[in-house]
Amino acid sequence: MADSAILSAKPWEAAPAPEEIYIPRGMVGPEERRCYYWLGKNWLSGRGCVVDAGAFLGASALCFAAGAASSDRISLIRPRIIICVPSGITQVERRAVRESA
């Protein structure tokens, strides 16, 4: 089945997702969260990086990460870590992010 046909069928609607993906505040709705979780669990190959370049509060990145962590398809033993921050943060906030990493 072609990728577009799989995605058009919205398989995430019937797939279970943990309640934790709905807890963080963010600008993505429940269906998007289930979709991102499903993509993280079923489509990530472990090659390359997932970058959330427009993080508001990080809800979409959390959903991808939760899906990837629950997947049997990839290993997270030596993950490359990317920290996403909004472009408009202050220098104090930027320093706090660097120090916490």
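These are my notebook entries on a predicted model of one protein chain.

**Overall layout**

I began with the secondary structure. The chain has 4 helices and 0 strands, and reading from the N terminus the order is α-α-α-α. Next I checked burial: 19% of the 101 residues count as buried. For the surface I got about 7300 Å² exposed by the chain, with 56% of that supplied by carbon and sulfur atoms. I also looked at contacts between residues with a separation of 6 or more, and 64% of those join residues 24 or more positions apart.

**Helix H2**

I picked H2 next, which covers residues 30-42. Its 13 residues reach 18 Å from first C-alpha to last, close to the 18 Å expected at 1.5 Å a residue. Which residues of H2 are buried? My list reads Arg33, Cys35, Tyr37, Trp38, Leu39 and Gly40. I then asked what these buried residues pack against. The partners are helix H1 (3-8) and helix H3 (59-69).

**Helix H3**

I ran the lookup for H3 as well. Ala59, Ser60, Cys63, Gly67 and Ala68 are its buried residues, and they pack against H2. I noted that one cysteine turns up in the buried list of H2, Cys35, and one in that of H3, Cys63.

**The cysteines**

That sent me to the disulfides. A search of the whole structure gave 0. Cysteine 35 is in no disulfide, and the nearest cysteine sulfur, in cysteine 63, is 9.8 Å away. Why is there no bond for cysteine 63? Its closest cysteine sulfur is that of cysteine 35, and 9.8 Å is too far for a bond; the cut-off I worked with is 2.5 Å. As for burial, cysteine 35 has 13% relative accessibility and counts as buried. Cysteine 63 is buried too, with a relative accessible area of 0%.

**The salt bridge**

How many salt bridges does the whole structure hold? My search found 1. The pair is lysine 10 with glutamate 31, and their closest N and O atoms are 3.3 Å apart. Lysine 10 lies in the loop between H1 and H2 while glutamate 31 is in helix H2, so the pair ties together parts that are 21 residues apart in sequence. I wanted to know how open the two ends are. Lysine 10 comes out as partly exposed, with a relative accessible area of 34%. Glutamate 31 counts as partly exposed as well, at 30% relative accessibility.

**Backbone at lysine 10**

While I was on lysine 10 I looked at its backbone. Phi is near 50 degrees there, a positive value in a residue other than glycine. I flagged this because most residues other than glycine have a negative phi. So my page for lysine 10 now holds a loop position between H1 and H2, a positive phi and a salt bridge to glutamate 31.

**A nonpolar patch**

Last, I looked at the surface for nonpolar side chains. Met27, Phe56 and Leu57 form a nonpolar patch there, and together they have about 360 Å² of accessible area. Where is methionine 27 found? I located methionine 27 in the loop between H1 and H2. Is methionine 27 buried or exposed? It is exposed, with a relative accessible area of 68%.

Methods:
Residues are numbered from 1 along each chain as its sequence is written. This is a predicted model: local features need pLDDT of at least 70, side-chain atom pairs count only at pLDDT 80 or more; totals for chains, interfaces and linings use all residues. Side-chain values use heavy atoms; hydrogens and water are left out. Helices (H or I, at least four residues) and strands (E, at least two) are DSSP runs, numbered from the N terminus. Buried means under 20% relative accessible area, exposed over 50%, partly exposed in between (1.4 Å probe, protein chains only). Contact means heavy atoms within 4.5 Å. Accessible areas come from the Shrake-Rupley method with a 1.4 Å probe; for residues, only the protein chains shown count as cover. The expected span of a helix is 1.5 Å times one less than its number of residues. A salt bridge is a side-chain nitrogen of Lys or Arg within 4 Å of a carboxyl oxygen of Asp or Glu. Patches are made of residues with over 30% relative accessible area and no salt bridge: like charges are joined within 9 Å, nonpolar side chains (Val, Leu, Ile, Met, Phe, Trp, Tyr) within 5 Å.
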